[in-house]
Amino acid sequence: MAEIHLSDAEKTFIIHGVQDNLREDGRGCEDYRHLEIETGLVSNTSGSAKIRLANTEILVGVKAELGEPYPEKPDKGRLEFFVDCSANATPEFEGRGGEELATELSSMLARAYQCPSCLDLRKLSVVEGKQCWIIYVDVLVLEYGGNLFDAASIAVKAALFNTSIPTLTVSHDEGHVEIDLSDDPYDVQRIEVTAAPCIVTLSKLGHSHVVDASSKEEACCLARLMLGVTEKGTVTAMKKEGSGSLDTSSVEDMLQTGRRVGQALNKSLMEVLMSDDKVGKKQHLTGFLR
Amino acid sequence: MPADSRRINGPEKSISPYAFSKPCKDIKITEPSLQRKDGRNPDNIRPIFLKTGLITQAQGSAYIEQDGTKVICSVYGPRAVIRKEEFSMQGQLTCDFKFTTFSCHNRRQYQQDAEEKDFSVQLLEALEPAVLLHKFPKAQVNIMVTVLQNDGSVLAASVTCASVALADAGIEMYDLVIGSSARISGATILMDPCATEEYSDKDSAHVNNGSVTVGLMPSLNQISAVTSKGELEFEHLNKAMKHCVSMCVDLYPVCQQALAVAMETRINADPKT
Amino acid sequence: MEKKSFKARYNEEDRYYDNKGYSSVDYNYTGPFLPDVNKMAAPMICVPGQRLCPDNEKVTAGRGTYSRNGFVYSSLAGYLQTAHSEDGKNIIEVIRDGDENVVPSVDAIVTARITNVSPRFCKCSIIKVGKTDLKDSFRGMIRREDVRATEKDKVEMAKSFRPGDIVMARVISLGDSQSYLLSTAENELGVVIATSEAGVTMVPVSWCKMKCPKTRLEEHRKVAKVQARFIEYSGSGP
């Protein structure tokens, strides 16, 4: 993605349009762009998902492995996020360029998933204090076209929904603990992700704010508010980003919009995932980077 | 965690003995009138000690103490950009946040971990809106923050400390940035939580259990940083933010006074004026 | 939201601010600090974000201040100074004496030490901007074509500067990310202090030569004709 250069007149045009709830691509202030989700497309993973939001394409692979739990949380499994902004996505990521964004994204995802209510890590414990499931969530940015945080969080949620973990049976035998893996490849558990959050980024443009900003809109926005919103409308993580500041009253408005949009987003995402799940594995995969 | 090969590192894996002790019970404050462990009301904040100009080598520095939370910040620059970077007409601000290894309940590593990097970014984004970056094109200002002791609300204390240090350094700013934080537990909002009151994901799975940190520029009434943790309902989050904003406004004169005192001594020491 | 009973107290001895007592110092900075622009009082301390006065046609926001939302605010921790401009306006400034943060800007006169001379350019470190000493030096560069105003193509860098010379130069551009571009293409600019091969400070004999008082040998330099206004400006003569 080439760097966007906008003149003052173009910026004013965009900002004035947003004030009248009409954006340069015809959307309203609270509309997302067309979103494509595909799950279960990488065979070697426990679960995977690919998302395409305008020009942003993200592939998420989830791998479940057995390991030791954290000593301070012996009864819980682990959820680890890794983000790779490869130089494929945009030349800006070359060398160490993408590193900063990657850490920012992974820490935001980790924070949003941190609350016990959105993903019950206790279910991932195998033997308390000894063995647990470690869920590695690897986010790979294939193409970067803005609004990375929202797209990544949706892809993560879809991939976790798609994840199946083999069923283990634990038997205690004279002080020994034996873990048995089921032979049946279809004997698997799913992860409950209904309560998992999606990140909604609200970009402040002039006096109003928009969701899912296009790259042109991102170029004239100085401050963003990122919210991890669950289906219930609760906020699991919040963060201001960018070099600008926000008025105290506008933060409240943005929170309200974020909650409304986030709830709707979570709802439609779950509907799509559920209906997709019922149909079963589709035969024709559409492939990457179309 | 990458180990620093230039230092003698501890054993590769060691665990604080406190990890095996019984976890603290959830804070039990349901009524707003109830007192906290250190005798405060939920609305009360801890006494603050703030002093500027302690580090002679730095252009500006500040030290803040909020009871058990102790933070030092020094500011260097504006100086020439050291690394090869692109030319920019705006000045750059860099931020380096570090916990000392012994500052927290569990020992920390010498190298910056993910949380410290996250705090560095948040601190930077809290201060950037306040600084007149166009006043020093091509140059950069480095902000170093070291936490000596962590007893909760570290990020909030660091924001306040860093903005006072920037002002002490004579960096032009639109306003001071004052940080404040709150812990939300059910209907209760505890201002300026100490370490035992801070939110951690070990806490129970109830909704409305979390924390909020706000950075405010009081005289412009602009929020320059806001961050939250834990699952919160919109109404509670909003209420906690409002509490934080009013706490920032309350703290503002304290920081102004500390700076004014520092300036006064500087002028008195300088016979020129 | 109800108003909390928070009051800050400032204690002179231990400098602790607590929230238990009542206010003994009036913190209402916006009120008592509103300056009376007609009266010059003892230095009044300002801090960033402090509202100084309404921004109207009678005042101009000078150094260390900015105007926003119809008010002039301080952007520096310093003390207030007001002056009258030629068109009868009051200039409001916030000053930090001798402790300003300066960075080289275009058209500024800087003092620099030559660090490296090559046939096409020489590198230097800027140690002073105007009359303010810099805490950290900035990198500067004088290109061959910017050494003097006339006969630019006949300039020989080795006959103009030597490493260690102190020069006065004008910033012509912020340059690239590495160094500022400087020029000495004025009579008043060039080498002001230079040491001979014998290690003695030389005295200027013409615009292109300096003489060592010990060995009587002459060396080539692009010598600055230091004028009174610059001596005052920089605080250092040859």
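1. Welcome to this structure. A good place to start is where chains A and B meet: 33 residues of chain A are in contact with 32 residues of chain B. Please keep in mind while reading that this is a predicted model.

2. Which elements give two or more residues to the side of chain A that touches chain B? They are helix H2, strand E14 (235-241), strand E15 (246-247) and helix H5 (248-279), each belonging to chain A. E14(A) provides the largest share of that side, with 7 residues. Sorted by class, the side of chain A that touches chain B holds 10 nonpolar, 13 polar and 10 charged residues.

3. Strand E14(A) deserves a second look, as it also pairs across the chains. It is joined by 4 bridges to strand E9 (residues 222-232) of chain B, and the two strands run antiparallel. If you would like one pair to find on screen, look for A:Lys239, which stands opposite B:Thr227 in E9(B).

4. Helix H2 (residues 99-112) of chain A, already met in the contact with chain B, has a helix partner within its own chain too. Its axis and that of helix H3 (residues 148-162) of chain A come within 11 Å and cross at roughly 50°. An angle of 65 to 115 degrees would count as roughly perpendicular, and one under 35 as roughly parallel; H2(A) and H3(A) are therefore oblique to each other. Their crossing is right-handed.

5. Which residues make this helix contact? From H2(A) come A:Leu105, A:Met108, A:Leu109 and A:Ala112, while H3(A) brings A:Leu148, A:Phe149, A:Ala152, A:Ser153 and A:Val156. By class, the contact of H2(A) with H3(A) has 8 nonpolar residues, 1 polar residue and no charged ones.

6. Turning to chain C, UniProt (in an unreviewed entry) lists residues 45-81 as "domain: Exosome complex component N-terminal". How much of this stretch is helix, and how much is strand? In the model, residues 45-81 of chain C are 0% helix and 57% strand, and the C-alpha atoms at the two ends are 10 Å apart.

7. Chain C also has an open sheet of 3 strands, in the order E4-E7-E6, with antiparallel pairing. Strand E4 (51-54) and strand E6 (65-68) of chain C are the edge strands, each pairing on one side only. From one strand to the next, the twist averages 30°.

8. Finally, a closer view of one pairing in that sheet. E6(C) and strand E7 (residues 71-74) of chain C pair in the antiparallel sense over 4 bridges. Among the residues to look for is C:Arg68, whose bridge partner in E7(C) is C:Phe71.

Note on methods. Residues numbered from 1 in each chain as written. Chains lettered and ligands numbered in written order. Predicted model: local features only at pLDDT ≥ 70, side-chain atom pairs only at ≥ 80, totals over all residues. Axes fitted to C-alpha atoms, helices over the stretch in contact; angles between N-to-C directions. Parallel < 35°, antiparallel > 145°, perpendicular 65-115°, else oblique. Left-handed = near helix turned anticlockwise from the far one by under 90°. Contact = placed C-beta atoms within 7 Å. Nonpolar A, V, L, I, M, F, W, Y, C, P; charged D, E, K, R; others polar. Pairing = 2+ DSSP bridges. UniProt positions renumbered as here; feature names shortened; annotations may be inferred.
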